[in-house]
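Please read the points below with the structure open beside them. They begin with one pair of residues and widen from there to the sheet, the core and the surface.

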Amino acid sequence: MSSRLVVGLQPVREAIRVHADKLRVLVEGGPSPQLEALARFAKDRGAEVERVTRGDLDRASKGGRHQGAIAYAPELRLVTLDELAAPSDAGPAAIVALDEIEDPQNFGAVVRSCVAIGASGVLWPEHRSAPLSPAMFRASAGAVEHAALCRVGALPAALEVLRARPMRVLGLDADGPAVISDEDLTGDVVLVVGAEGKGLRKPVKKACDALVRLPMRGPIASLNASVAAGIALYEIVRQRAASEAP
(Lines give C-alpha, C1' and ligand atoms only; values in the text may rest on other atoms or scores of the structure.)
Protein backbone atom coordinates (compact mmCIF):
# COMPACT_ATOMS: atom_id res chain seq x y z
CA MET A 1 0.00 0.00 0.00
CA SER A 2 1.34 3.43 -0.91
CA SER A 3 1.78 5.54 2.21
CA ARG A 4 2.06 9.22 1.25
CA LEU A 5 -1.10 11.17 2.00
CA VAL A 6 -2.23 13.76 -0.56
CA VAL A 7 -5.15 16.01 0.38
CA GLY A 8 -7.33 18.34 -1.71
CA LEU A 9 -8.74 18.45 -5.22
CA GLN A 10 -5.82 19.97 -7.12
CA PRO A 11 -3.06 18.07 -5.27
CA VAL A 12 -4.93 14.80 -5.83
CA ARG A 13 -5.50 15.64 -9.51
CA GLU A 14 -1.77 16.22 -10.05
CA ALA A 15 -0.90 13.05 -8.17
CA ILE A 16 -3.22 11.13 -10.50
CA ARG A 17 -1.63 12.82 -13.53
CA VAL A 18 1.86 11.72 -12.46
CA HIS A 19 1.34 8.41 -10.67
CA ALA A 20 -1.81 7.06 -12.38
CA ASP A 21 -2.35 3.38 -11.51
CA LYS A 22 -0.06 3.54 -8.47
CA LEU A 23 -2.68 5.49 -6.51
CA ARG A 24 -5.57 4.70 -4.22
CA VAL A 25 -8.02 7.59 -4.38
CA LEU A 26 -10.83 8.21 -1.89
CA VAL A 27 -13.63 10.47 -3.13
CA GLU A 28 -16.66 11.65 -1.20
CA GLY A 29 -19.92 10.29 -2.54
CA GLY A 30 -22.67 12.70 -3.54
CA PRO A 31 -23.80 14.94 -6.42
CA SER A 32 -20.64 17.01 -6.93
CA PRO A 33 -19.62 17.59 -10.57
CA GLN A 34 -16.02 18.34 -9.52
CA LEU A 35 -15.70 15.15 -7.52
CA GLU A 36 -17.41 13.09 -10.21
CA ALA A 37 -14.96 14.45 -12.78
CA LEU A 38 -12.03 13.67 -10.47
CA ALA A 39 -13.27 10.11 -9.92
CA ARG A 40 -13.64 9.56 -13.69
CA PHE A 41 -10.17 10.99 -14.32
CA ALA A 42 -8.68 8.68 -11.70
CA LYS A 43 -10.45 5.60 -13.09
CA ASP A 44 -9.46 6.46 -16.64
CA ARG A 45 -5.82 6.65 -15.54
CA GLY A 46 -6.05 3.26 -13.82
CA ALA A 47 -6.12 4.43 -10.20
CA GLU A 48 -8.08 2.53 -7.56
CA VAL A 49 -11.09 4.68 -6.60
CA GLU A 50 -13.30 4.32 -3.53
CA ARG A 51 -16.42 6.34 -2.76
CA VAL A 52 -16.53 7.18 0.95
CA THR A 53 -18.30 9.49 3.40
CA ARG A 54 -17.11 12.92 4.49
CA GLY A 55 -16.52 11.47 7.95
CA ASP A 56 -14.20 8.86 6.46
CA LEU A 57 -12.24 11.61 4.72
CA ASP A 58 -12.14 13.79 7.84
CA ARG A 59 -10.56 10.93 9.78
CA ALA A 60 -8.18 9.87 7.00
CA SER A 61 -6.99 13.42 6.30
CA LYS A 62 -6.20 14.07 9.97
CA GLY A 63 -7.72 17.52 9.92
CA GLY A 64 -6.49 18.56 6.47
CA ARG A 65 -8.78 20.48 4.09
CA HIS A 66 -9.58 17.59 1.80
CA GLN A 67 -12.35 19.18 -0.35
CA GLY A 68 -13.87 15.72 -0.73
CA ALA A 69 -10.80 13.90 -2.04
CA ILE A 70 -7.61 12.32 -0.76
CA ALA A 71 -5.09 9.94 -2.28
CA TYR A 72 -2.49 7.50 -1.05
CA ALA A 73 0.46 7.98 -3.37
CA PRO A 74 4.00 6.64 -3.78
CA GLU A 75 6.69 8.43 -1.84
CA LEU A 76 8.23 11.37 -3.68
CA ARG A 77 11.52 10.59 -5.37
CA LEU A 78 14.34 12.86 -4.23
CA VAL A 79 17.20 13.53 -6.62
CA THR A 80 20.84 13.66 -5.61
CA LEU A 81 22.89 16.82 -5.76
CA ASP A 82 24.79 15.40 -8.74
CA GLU A 83 21.54 14.72 -10.57
CA LEU A 84 20.25 18.21 -9.83
CA ALA A 85 23.47 19.81 -11.10
CA ALA A 86 23.81 17.63 -14.21
CA PRO A 87 23.76 19.45 -17.58
CA SER A 88 20.36 19.48 -19.25
CA ASP A 89 19.11 19.80 -22.81
CA ALA A 90 16.59 22.30 -21.41
CA GLY A 91 19.34 24.92 -21.14
CA PRO A 92 21.09 26.67 -18.24
CA ALA A 93 20.11 25.58 -14.74
CA ALA A 94 18.00 27.69 -12.40
CA ILE A 95 18.03 26.03 -8.99
CA VAL A 96 16.29 27.47 -5.93
CA ALA A 97 17.92 26.72 -2.58
CA LEU A 98 15.93 27.28 0.62
CA ASP A 99 17.72 28.20 3.83
CA GLU A 100 15.68 26.87 6.76
CA ILE A 101 12.22 27.60 5.37
CA GLU A 102 10.14 26.02 8.14
CA ASP A 103 6.65 27.13 7.05
CA PRO A 104 5.04 24.44 4.85
CA GLN A 105 2.93 27.10 3.13
CA ASN A 106 6.03 29.01 2.04
CA PHE A 107 7.85 25.82 1.08
CA GLY A 108 4.94 24.63 -1.03
CA ALA A 109 4.42 28.03 -2.64
CA VAL A 110 8.10 28.20 -3.65
CA VAL A 111 7.86 24.76 -5.24
CA ARG A 112 4.74 25.87 -7.12
CA SER A 113 6.57 28.91 -8.51
CA CYS A 114 9.58 26.81 -9.47
CA VAL A 115 7.48 24.31 -11.43
CA ALA A 116 5.32 26.99 -13.05
CA ILE A 117 8.30 29.06 -14.18
CA GLY A 118 10.41 26.07 -15.21
CA ALA A 119 13.20 26.10 -12.62
CA SER A 120 15.51 23.09 -12.60
CA GLY A 121 14.76 22.06 -9.04
CA VAL A 122 14.56 22.88 -5.35
CA LEU A 123 17.32 22.28 -2.80
CA TRP A 124 16.98 22.42 0.99
CA PRO A 125 18.74 21.17 4.15
CA GLU A 126 17.26 18.27 6.08
CA HIS A 127 17.35 20.10 9.43
CA ARG A 128 15.18 23.09 10.40
CA SER A 129 13.15 22.88 7.20
CA ALA A 130 9.47 22.18 6.64
CA PRO A 131 8.82 18.48 6.03
CA LEU A 132 7.37 16.98 2.90
CA SER A 133 3.86 16.86 4.34
CA PRO A 134 0.24 16.97 3.15
CA ALA A 135 0.17 20.67 4.08
CA MET A 136 3.21 21.34 1.90
CA PHE A 137 1.77 19.27 -0.98
CA ARG A 138 -1.46 21.25 -0.77
CA ALA A 139 0.34 24.61 -0.65
CA SER A 140 2.16 23.65 -3.85
CA ALA A 141 -1.24 22.98 -5.52
CA GLY A 142 0.12 19.61 -6.62
CA ALA A 143 3.26 21.09 -8.23
CA VAL A 144 5.40 19.00 -5.89
CA GLU A 145 4.50 15.96 -8.01
CA HIS A 146 6.38 17.51 -10.96
CA ALA A 147 9.36 19.04 -9.12
CA ALA A 148 12.97 17.91 -8.91
CA LEU A 149 13.51 17.84 -5.15
CA CYS A 150 16.92 17.57 -3.48
CA ARG A 151 17.41 17.37 0.29
CA VAL A 152 20.98 17.72 1.58
CA GLY A 153 22.70 17.40 4.93
CA ALA A 154 24.23 20.88 4.98
CA LEU A 155 23.26 23.70 2.66
CA PRO A 156 26.58 25.64 2.69
CA ALA A 157 28.51 22.52 1.66
CA ALA A 158 26.01 21.81 -1.13
CA LEU A 159 26.32 25.38 -2.41
CA GLU A 160 30.12 25.05 -2.51
CA VAL A 161 29.72 21.92 -4.64
CA LEU A 162 27.45 23.79 -7.05
CA ARG A 163 29.85 26.74 -7.22
CA ALA A 164 32.60 24.34 -8.27
CA ARG A 165 30.51 23.06 -11.22
CA PRO A 166 30.67 26.07 -11.85
CA MET A 167 27.31 27.66 -11.11
CA ARG A 168 26.79 31.22 -9.93
CA VAL A 169 25.25 31.19 -6.45
CA LEU A 170 23.25 34.30 -5.57
CA GLY A 171 21.73 34.92 -2.16
CA LEU A 172 18.60 37.04 -1.89
CA ASP A 173 19.25 39.60 0.84
CA ALA A 174 17.32 42.79 1.57
CA ASP A 175 20.64 44.54 2.26
CA GLY A 176 22.49 43.06 -0.71
CA PRO A 177 24.86 45.55 -2.39
CA ALA A 178 23.54 44.85 -5.91
CA VAL A 179 20.09 44.73 -7.47
CA ILE A 180 19.30 41.33 -8.96
CA SER A 181 18.71 42.81 -12.43
CA ASP A 182 22.35 43.99 -12.47
CA GLU A 183 23.54 40.38 -12.36
CA ASP A 184 23.98 38.24 -15.47
CA LEU A 185 21.47 35.44 -14.96
CA THR A 186 21.74 33.83 -18.37
CA GLY A 187 24.13 31.08 -17.24
CA ASP A 188 23.72 28.36 -14.61
CA VAL A 189 22.31 30.05 -11.48
CA VAL A 190 21.49 28.98 -7.94
CA LEU A 191 19.11 31.35 -6.16
CA VAL A 192 19.26 31.11 -2.35
CA VAL A 193 16.20 32.24 -0.36
CA GLY A 194 16.20 32.68 3.41
CA ALA A 195 13.44 32.39 5.95
CA GLU A 196 11.24 35.37 6.75
CA GLY A 197 12.53 37.32 9.71
CA LYS A 198 15.89 35.52 9.83
CA GLY A 199 17.09 35.83 6.26
CA LEU A 200 20.17 33.94 5.16
CA ARG A 201 22.47 32.48 7.79
CA LYS A 202 26.09 33.66 7.87
CA PRO A 203 27.57 30.34 6.61
CA VAL A 204 25.09 30.38 3.72
CA LYS A 205 26.00 33.97 2.84
CA LYS A 206 29.68 33.02 2.79
CA ALA A 207 28.90 30.19 0.35
CA CYS A 208 27.29 32.63 -2.11
CA ASP A 209 29.14 34.35 -4.94
CA ALA A 210 27.11 37.50 -4.35
CA LEU A 211 24.21 38.87 -2.33
CA VAL A 212 21.51 40.60 -4.32
CA ARG A 213 18.33 42.42 -3.45
CA LEU A 214 15.01 42.98 -5.15
CA PRO A 215 14.24 46.63 -5.96
CA MET A 216 11.82 47.93 -3.32
CA ARG A 217 10.13 51.35 -3.45
CA GLY A 218 7.43 51.11 -0.80
CA PRO A 219 7.65 51.40 3.00
CA ILE A 220 7.90 47.61 3.48
CA ALA A 221 11.49 46.42 3.29
CA SER A 222 10.94 42.71 2.75
CA LEU A 223 8.69 40.21 0.99
CA ASN A 224 7.26 36.81 1.77
CA ALA A 225 9.91 34.22 0.90
CA SER A 226 7.80 32.56 -1.80
CA VAL A 227 6.90 35.91 -3.39
CA ALA A 228 10.56 36.97 -3.40
CA ALA A 229 11.57 33.68 -5.01
CA GLY A 230 8.91 34.05 -7.69
CA ILE A 231 9.97 37.60 -8.58
CA ALA A 232 13.64 36.59 -8.76
CA LEU A 233 12.79 33.60 -10.95
CA TYR A 234 10.92 35.83 -13.37
CA GLU A 235 14.00 38.05 -13.63
CA ILE A 236 15.97 34.96 -14.65
CA VAL A 237 13.33 34.11 -17.25
CA ARG A 238 13.27 37.71 -18.51
CA GLN A 239 17.02 37.88 -19.01
CA ARG A 240 17.20 34.52 -20.74
CA ALA A 241 14.34 35.40 -23.07
CA ALA A 242 16.04 38.70 -23.92
CA SER A 243 19.35 36.96 -24.63
CA GLU A 244 17.65 34.55 -27.02
CA ALA A 245 15.70 37.22 -28.89
CA PRO A 246 16.84 37.83 -32.51
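1. In this predicted model, isoleucine 95 stands opposite valine 190 in E10. Isoleucine 95 also has a bridge partner in E6, namely glycine 121, and alanine 97 stands opposite valine 192 in E10.

2. These residues can be placed in their strands. Strand E5 (residues 94–99) pairs with strand E10 (residues 189–194) in the parallel sense, over six bridges, and E5 pairs with strand E6 (residues 121–125), also in the parallel sense, over three bridges. As general background, the strands of a sheet pair through backbone hydrogen bonds, either parallel or antiparallel.

3. Is E5 enclosed by the rest of the structure or open, and why? Six of the six residues of E5 are buried, so the strand is largely enclosed by the rest of the structure; buried here means under 20% relative accessible area. Ala94, Val96 and Leu98 point one way from E5, while Ile95, Ala97 and Asp99 point the other way, and the residues of both groups are buried.

4. The wider sheet is open and has seven strands, which follow the order E7-E6-E5-E10-E8-E11-E9 with parallel pairing. Its edges are formed by strand E7 (149–152) and strand E9 (178–179), each of which pairs on one side only.

5. The largest nonpolar core holds 53 residues, and the members that touch the most others are Val25, Leu98, Phe107 and Leu172. Helix H9 (residues 225–244) gives this core its largest share, six residues. A second core, separate from this one, has 22 residues, among them Leu84, Ala85, Ala158 and Leu159. In soluble globular proteins, nonpolar side chains tend to be buried together.

6. Leucine 172 deserves a closer look. If residues up to four places away in sequence are not counted, leucine 172 touches Ile180, Leu191, Val192, Val193, Leu200, Val212, Leu214, Ala228, Ala229 and Ala232. Val192, one of these contacts, is also the residue in E10 that alanine 97 stands opposite.

7. On the surface, Met216, Leu223, Val227 and Ile231 make a nonpolar patch of about 300 Å². Methionine 216 lies in the loop between strand E11 (210–213) and H9. Its relative accessibility is 36%, and methionine 216 therefore counts as partly exposed, a class that lies between the buried limit of 20% and the exposed limit of 50%.

Note on methods. Residues numbered from 1 in each chain as written. Predicted model: local features only at pLDDT ≥ 70, side-chain atom pairs only at ≥ 80, totals over all residues. Heavy atoms only, no water. Core = buried A, V, L, I, M, F, W, Y, C linked by side-chain atoms within 4.5 Å. Buried < 20%, exposed > 50% of the residue type's maximum accessible area, 1.4 Å probe, protein only. Helix = DSSP H or I, 4+ residues; strand = E, 2+ residues; numbered from the N terminus. Contact = heavy atoms within 4.5 Å. Patch = residues over 30% accessible without salt bridge, like charges linked within 9 Å, V, L, I, M, F, W, Y side chains within 5 Å. Areas by Shrake-Rupley, 256 points an atom, 1.4 Å probe, with all protein chains shown as cover. Salt bridge = Lys/Arg side-chain N within 4 Å of Asp/Glu carboxyl O. Pairing = 2+ DSSP bridges.
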